[in-house]
Amino acid sequence: MKTNLTINGQRLWDSLMSLAEIGATAKGGVCRLTLTDLDKQARDLFIRWCKEAGATITVDSMGNIFARREGRDPTRPPVMTGSHIDTQPTGGKFDGAYGVMAGLEVLRSLHDMEVETEAPIEIAVWTNEEGARYAPAMTGSGVFAGVFDEAETKAKTDRDGIAFGAALQKIGYAGDAACGGRPVGAFFECHIEQGPILEAEGKTIGIVTGGQAQRWYEVTLTGQESHAGTTPMERRRDALLGAARLIDNVNHIGMTRLPSARATCGVIESYPGSRNTIPGRVFLTVEFRHPDEAELADMDATFRAQAARIAGEIGLALEIKEIWHFPATPFAPECVAAVREAAAARGYPHRDIISGAGHDALYMARVAPTAMIFVPCDDGISHNEIEAAKPEHIAAGCQVLLDAMIRRANAPK
Ligand code: GLV
Ligand code: MN
Ligand code: MN
């Protein structure tokens, strides 16, 4: 479906660039970790812009922000869009920010053109999508959707020992509204693809049909600290050596399940971190992803068996904590169809695609009919300061978002 409303692509682009100044890095990216002062500044700016576009603001107890534009029938559940404005430590200008600014542009377009919708429209900013400071990812939308316990989530600490709840209070975004427990009519999220498929095929719009499964782990290997100069090689219980073998093994688990598997070690901390003491303890993170749940279970079993073998060979104690299992999630056929029809009506080249990344929409899919709209990014690179996208693609995705949301908001009850 094509509406006769056109979004303002230049205004959307300018807003994205302004938002990217908050936490801008020398290499052209953004470092705006969740619940920091920079996150607060970005939230404040979003709220100011939404109020200028006539929206009313609610902040819930997880710090999720909702900007609402009333519908002709306020008893209808809102048609919602949104994403996140926290970033990775070496993040880009588009991951998350695009989905929020696209929502803002929808709001501004409706406001400028004085368009009334039947159902209310809401733009959400979800807290801690990235999971970079507080693992796992997507905890704001996860609590909203009833997947995570709120108190447990707020008790989680970052690597400096600061609790999520304390950080939320400190930036002044622990809101009064209850998190979740209210109906949402539909949820749509715009996002850059963060992979190479759309660009390689010359497609403007990815019709996202769902997201792949993930398992995240925290692994601790414990050996024995001892003197680097005096401890013979065969007497060492070197935890870092165990970690090195484990990391290679994790990569092998991915490489033997091409093309769909993903296997990553992202964090490694070696103790005591002295060059002439054999490392006695190593903490590392592991994550696996696969669109097929059975394949992911096989990766999990292989990893556990290989980790036990490696630890046994070196005489290390092994602890594996699975801290997150995110199931493969299909989106709602009617919302996927609305996105596909909007892309087709606008004449944008498009294809169906499965999301390799996690997104708030994947938790919203538990409580509302949901779909996502992807646009290409340069070289498929994301979670990198060089992350880039084309203004015409950014505008096209937002236009599809507006068309799909209006159609949904005006659908017969
Ligand atoms: C979120 O950015 C993810 O890890 O997929
Ligand atoms: Mn994202
Ligand atoms: Mn991300």
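Where is the place of Asp39? I will come to that in a moment. First, a caution: what you see here is a predicted model.

Now to Asp39. Its place is in helix α2, which covers residues 37–52. Asp39 has a relative accessibility of 2%, and because buried means under 20%, Asp39 counts as buried. A polar atom of the Asp39 side chain lies 2.7 Å from the backbone nitrogen of Leu35. If we set aside residues up to four places away in sequence, Asp39 touches Arg32, Leu33, Thr34, Ile85 and Ile171.

Next, the metals. Which residues coordinate the manganese ion that is ligand 2? They are His84 and His191, each through NE2, and Asp95 through OD, at 2.0 to 2.3 Å. Along the sequence, these donor residues follow the spacing H-x10-D-x95-H. Asp95 also bridges this manganese ion and the manganese ion that is ligand 3, and the two ions lie 3.6 Å apart. His84 and Asp95 are both in the loop between β3 (79–83) and α3 (97–112), so the pair ties together parts that are 11 residues apart in sequence. His84 is buried, and Asp95 is buried too.

Let us move to the manganese ion that is ligand 3. Its protein donors are Asp95 through OD, Glu130 through OE, listed twice, and His383 through NE2. They lie 2.1 to 2.4 Å from the ion. The spacing of the donor residues in sequence reads D-x34-E-x252-H. Here the pair of Asp95 and His383 links distant parts of the chain. Asp95 sits in the loop between β3 and α3, His383 in the loop between β15 and α12, and 288 residues separate them.

Are these two residues buried or exposed? Asp95 is at 6% relative accessibility and therefore counts as buried. His383 is at 41%, so it counts as partly exposed.

Glu130 and His383 come up again around ligand 1. What surrounds ligand 1? The residues are Glu129, Glu130, Arg289, Ala357, Gly358 and His383. By type, this shell divides into 1 nonpolar, 2 polar and 3 charged residues.

Three of the shell residues have a polar side-chain atom to point out. For Arg289, such an atom lies 2.8 Å from an oxygen atom of ligand 1. For Glu130, an N or O atom of the side chain is 3.1 Å from an oxygen atom of ligand 1. For His383, the corresponding distance is 3.2 Å, again between a side-chain N or O atom and an oxygen of ligand 1. On its own, ligand 1 has 200 Å² of accessible area, and the protein covers 93% of that.

The last stop is Gly380. Gly380 lies in the loop between β15 (370–375) and α12 (391–409), and that loop also holds His383. With a relative accessibility of 12%, Gly380 counts as buried, because the cut-off for buried is under 20%. Which residues is Gly380 in contact with, leaving aside its neighbours within four places in sequence? The contacts are Gln194, Gly195, Pro196 and Glu199. Gly380 and Gly131 are 249 residues apart in sequence, and their C-alpha atoms are 21 Å apart in space.

To go back over the metal part: Asp95 bridges the two manganese ions, ligand 3 and ligand 2. His383 is a donor to the manganese ion that is ligand 3, and His383 is also among the residues that surround ligand 1.

Technical notes. Residues are numbered from 1 along each chain as its sequence is written. Chains are lettered from A and ligands numbered from 1 in the order in which they are written. This is a predicted model: local features need pLDDT of at least 70, side-chain atom pairs count only at pLDDT 80 or more; totals for chains, interfaces and linings use all residues. Side-chain values use heavy atoms; hydrogens and water are left out. A residue is near a molecule or strand if one of its heavy atoms lies within 4 Å of it. A polar contact is a pair of N or O atoms within 3.5 Å; within protein, one must be able to donate a hydrogen and the other to accept it, and residues adjacent in sequence count only if both atoms are side-chain atoms. Accessible areas come from the Shrake-Rupley method with a 1.4 Å probe; for residues, only the protein chains shown count as cover. Ala, Val, Leu, Ile, Met, Phe, Trp, Tyr, Cys and Pro count as nonpolar, Asp, Glu, Lys and Arg as charged, and the others, Gly among them, as polar. Helices (H or I, at least four residues) and strands (E, at least two) are DSSP runs, numbered from the N terminus. Buried means under 20% relative accessible area, exposed over 50%, partly exposed in between (1.4 Å probe, protein chains only). Contact means heavy atoms within 4.5 Å. Donors are N, O and S atoms within 2.8 Å of the metal (3.2 Å for Na, K and Ca); water is not among the atoms, so sites may look incomplete.
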